[in-house]
Amino acid sequence: MPTALAIAAHPDDIEFLMAGTLARLRAAGYETHYWNLANGCCGTTQYDVQTIAEIRREEAMNAAAAMGAVFHDSICDDLAIFYDRPTLAQVAAVIREISLTIVLTHSPSDYMEDHTNACRLAVTAAFSRGMPNFPTDPRRPPSANKVTIYHAQPYSHRDPRGNLVEPKLMVDVTSLQAKKREWLALHFSQKQWLDESQGLDSYLDTMSNLDAEVGRMSCVFEYAEGWRRHLHMGFCDPDDDPLRDALGVHAFVANPPSPQPPPAEV
C-alpha cells in the first residue's frame, strides 16, 4: 500500500495547511500518517508547560483519529525544533520505518523557524533514508524506496518578506471544508491563544480564507490547498508526481512545464 506522511511543526499546522490533501490521499488508497514535531507547549497564556502539552497531544490524537491517520508523538518543545543531528536521527528513524511514498511538509521559507526547521528535517531525513552509515534513533535499517516530497504553502501564502508564494499544484478541498473545520476545531485550546497572539477573530474562518485564496489562484476550485514538489534528485525519478497521479481530477497543475528537447550532440 502506498504511504503518505504529513510532517509539520505544531499541533493544528496539518489542519491549517495539509489535512484536505491527506484526506484525499487516504480516499485514493494511501495509508496516511500524522506527525507534529513539537508538542505545542508554548501555545497558551493559561496553562503550564506540562498541562498544555498534554492537552494539545490529546487534541492532535483526536484529529488524527478523525482523519483516519496514524498518529506519531511529538519529539520537541515549541521553539526547539532545531536542525541538529540528534533531532534528524529521530526523524530519519520514523521515515525509514514507514517506507514512504509521499512526504507532505512545510514550505522551505515561512514566517517562523519551527516551520522552516521542520521542513529541513523532513527533507534531509528522507534524503538519508538509504544511507546505512547514517545512524537513526532508534536504529532502523536503510530503505531503498523512492519518495516524493511536497511543500505546503507558507502560512498566509507569503514568505517572510511578504512576497506572495504561488503553488504549482492545487488540491481541491471544496467538499472537505466542513470536515477541515471539524478537524481544526478539535484543537479547542488554540482559539483563545490564536485570538490573543495573532489577532484572529476565528481560527476556523482563517483556515477557510487561506484555502479560498488558493482556490482563487487555481481559477478552478473554490477552496484548495497548494503544493510545490521538491526537486527529484536523491529522492525519486524526474517525472514522479504521485500526488497528482493519485488525486486525478482533484488536482490542478498551474502552468505545467513544457517538454524539453534533448540536448544537441556536439
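## Reading a cavity, a sheet and a helix

Tutor: Let's start with the lining of the largest cavity in this predicted model: F16, L17, A152, Q153, H157, L210, D211, V214, A224, E225 and G226.

Student: Which elements give two or more residues to that lining?

Tutor: Helix 1 (13-17), helix 8 and strand 7 do. About 70 Å³ of space lies inside, and the structure holds one cavity of 30 Å³ or more.

Student: How does the lining split by class?

Tutor: Six residues are nonpolar, three are polar and two are charged.

Student: Now the sheet. What is its strand order?

Tutor: Read across an open sheet from one edge to the other. Here eight strands run 3-2-1-4-5-7-6-8, with mixed pairing. Strand 3 (70-72) and strand 8 (251-253) each have a single partner strand, so one side of each is left without a neighbour in the sheet. From one strand to the next, the twist averages 25 degrees.

Student: In what sense do strand 1 and strand 2 pair?

Tutor: Parallel: residues 3-8 and residues 31-36 pair over six bridges. As one register point, A6 sits opposite Y34 in strand 2. Helix 8 (residues 203-218) packs on the sheet, where it touches strand 6 (169-172), strand 7 (224-229) and strand 8. The direction of helix 8 makes about 65 degrees with that of strand 7.

Student: Why is helix 2 described as largely enclosed by the rest of the structure?

Tutor: Check burial, meaning under 20% relative accessible area. Helix 2 (residues 19-27) is largely enclosed because seven of its nine residues are buried, namely A19, G20, T21, L22, A23, R24 and L25. After helix 2 comes G29, with a positive phi near 105 degrees.

Conventions. Residues numbered from 1 in each chain as written. Predicted model: local features only at pLDDT ≥ 70, side-chain atom pairs only at ≥ 80, totals over all residues. Heavy atoms only, no water. Pairing = 2+ DSSP bridges. Helix = DSSP H or I, 4+ residues; strand = E, 2+ residues; numbered from the N terminus. Axes fitted to C-alpha atoms, helices over the stretch in contact; angles between N-to-C directions. Contact = heavy atoms within 4.5 Å. Buried < 20%, exposed > 50% of the residue type's maximum accessible area, 1.4 Å probe, protein only. 1 Å grid on protein atoms, 1.4 Å probe; cavity = no way out; pocket = protein on both sides within 12 Å on 5 of 7 lines; lining within 4 Å. Points joined across faces, edges and corners; volume = space filled by probe spheres on them. Nonpolar A, V, L, I, M, F, W, Y, C, P; charged D, E, K, R; others polar.
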